[in-house]
Amino acid sequence: MSAPTAAAAGSATEVRQALPLVSVRNLAVAYGDQPVLSGVDLEVRPGEMVALLGASGSGKSTLMKSLTGFAPITAGTARVAGYDVTNLRRGDLRKLRSDVGQVFQQFNLIPRLSVLTNVLTGALHNAGAVNVVGGFSSEHRRLAMHYLDRVGIAHKAKEPARALSGGQQQRVAIARALMQQPRVILADEPVASLDPKLADSVLELLRGIAKEDGIPVLVSLHVLPLALAHSDRILGLRNGNLILSAATAGLNASKLAALYDSEGASHDHHL
């Protein structure tokens, strides 16, 4: 393997030195008396694409939800996009969620609306009452078209979302997340319903956003080769505990196998 270029080495150093936009310390989550996560520590820095791996029931989705206040943090701390999630002041939860772009497995588009309008809904987080009632501004529309072009489907802007393929719909969802102008992107199993070729293209797009825009991406995945091919670091959960945090370059499928031991999988219906 060839040595990294000076530019690549410099970029890696910048990522290490940048302040993390996601910082979690000793995080615990429980639903009633049922613990789901315990003692989780992690950081995600600008420019990084970090993959979150684990068997079904390991706590991946709960961890994602806890970072935006959708799951109850019962111990520890979580800072996301400059917000202390564990001690949010009144009114700050909406601000936090506006600064965190989210991409989901099921796309969450409005099928009958046009691709452009679906992307424009990403601006509602920051739109005032006049904008919501009176429609989107020309600047909003220009920006939405810019992001559609960024994800490669500007030519589909006028089509209803339901007319698009799964891979195209996920690109619309990513453009909608970018419309928020987020500081962080959380992607929860964004390629689970896509075939391998489409999955590769969507993850390449997310990683490009992380690198080029400096927006850190935390993505939960269930396919090892995809995580190994498209991430800078890998975090591994098993039974609610973070048992792995390492640079992707030093890992392979055999080193990640412990994450999927049958003994490590729990069956929490909240996940």
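The following paragraphs describe the strands, sheets and helix packing of a predicted model.

Confidence is considered before the architecture. The mean pLDDT of the protein is 88, with 87% of its residues reaching 70 or more. Over residues 1-6, however, the pLDDT falls below 50, and this stretch makes 0 contacts in the model beyond near neighbours in sequence. A further stretch, residues 128-133, likewise has pLDDT under 50, although for these residues the model contains 5 contacts beyond four places in sequence.

One of the sheets is open and consists of 4 strands, arranged in the order β2-β1-β4-β5 with antiparallel pairing. Its edges are formed by β2 (34-44) and β5 (83-84), each of which has a single partner strand, so that one side of each is left without a neighbour in the sheet. At the β5 edge, the pairing with strand β4 (residues 73-80) is antiparallel and rests on 2 bridges; within this pairing, Arg79 has Asp84 of β5 as its bridge partner.

Another open sheet is built from 6 strands in the order β6-β7-β8-β3-β9-β10, and its pairing is mixed. Here the edge positions are taken by β6 (100-104) and β10, each pairing on one side only. With direction ignored, neighbouring strands of this sheet are turned against each other by 15 degrees on average. The parallel component of the mixed pairing is illustrated by strand β3 (residues 49-53) and strand β8 (residues 217-220), which are joined over 4 bridges in the parallel sense, with Leu52 bridged to Ser220 in β8. An antiparallel component is found where strand β9 (residues 233-238) meets strand β10 (residues 241-247), the two being joined by 6 bridges; among the residues involved, Leu237 has Leu242 of β10 as its bridge partner. The hairpin of β9 and β10 has 2 residues between the strands, and in this hairpin Asn239 adopts a positive phi near 55 degrees. As a general point bearing on such strands, side chains in a regular strand alternate between the two faces of the sheet.

Two helices are in contact with the six-stranded sheet. Helix α7 (residues 166-179) packs on the sheet by touching β6 and β7 (184-188), and its direction makes about 170 degrees with that of β6. Helix α8 (residues 196-213) lies across β3, β7 and β8, running at about 130 degrees to β3.

The packing of helices on one another is treated next. Two packed helices are described by the angle between their axes and the distance between the axes. For α7 and α8, the axes come within 10 Å and cross at roughly 15 degrees; the two helices are therefore roughly parallel to each other, and their crossing is right-handed. On the α7 side the contact is made by Gly167, Gln170, Arg171, Ile174 and Leu178, which meet Leu198, Ser201, Val202, Leu205, Leu206 and Ile209 in α8. By class, this contact of α7 with α8 comprises 7 nonpolar, 3 polar and 1 charged residues.

Helix α7 also packs against helix α6 (residues 138-150), the axes coming within 9 Å and crossing at roughly 135 degrees. With angles over 145 degrees counted as roughly antiparallel, that crossing makes α6 oblique to α7. The passage of α6 over α7 is a right-handed crossing. The residues that meet here are His140, Leu143, Ala144, Tyr147, Leu148 and Arg150 in α6 and Ala175, Leu178 and Met179 in α7, giving by class 7 nonpolar, 1 polar and 1 charged residues. Leu178 of α7 takes part in both helix contacts, being listed with the residues that meet α6 and with those that meet α8.

Key:
Residues numbered from 1 in each chain as written. Predicted model: local features only at pLDDT ≥ 70, side-chain atom pairs only at ≥ 80, totals over all residues. Heavy atoms only, no water. Pairing = 2+ DSSP bridges. Axes fitted to C-alpha atoms, helices over the stretch in contact; angles between N-to-C directions. Parallel < 35°, antiparallel > 145°, perpendicular 65-115°, else oblique. Left-handed = near helix turned anticlockwise from the far one by under 90°. Contact = heavy atoms within 4.5 Å. Nonpolar A, V, L, I, M, F, W, Y, C, P; charged D, E, K, R; others polar. pLDDT = per-residue confidence, 0-100.
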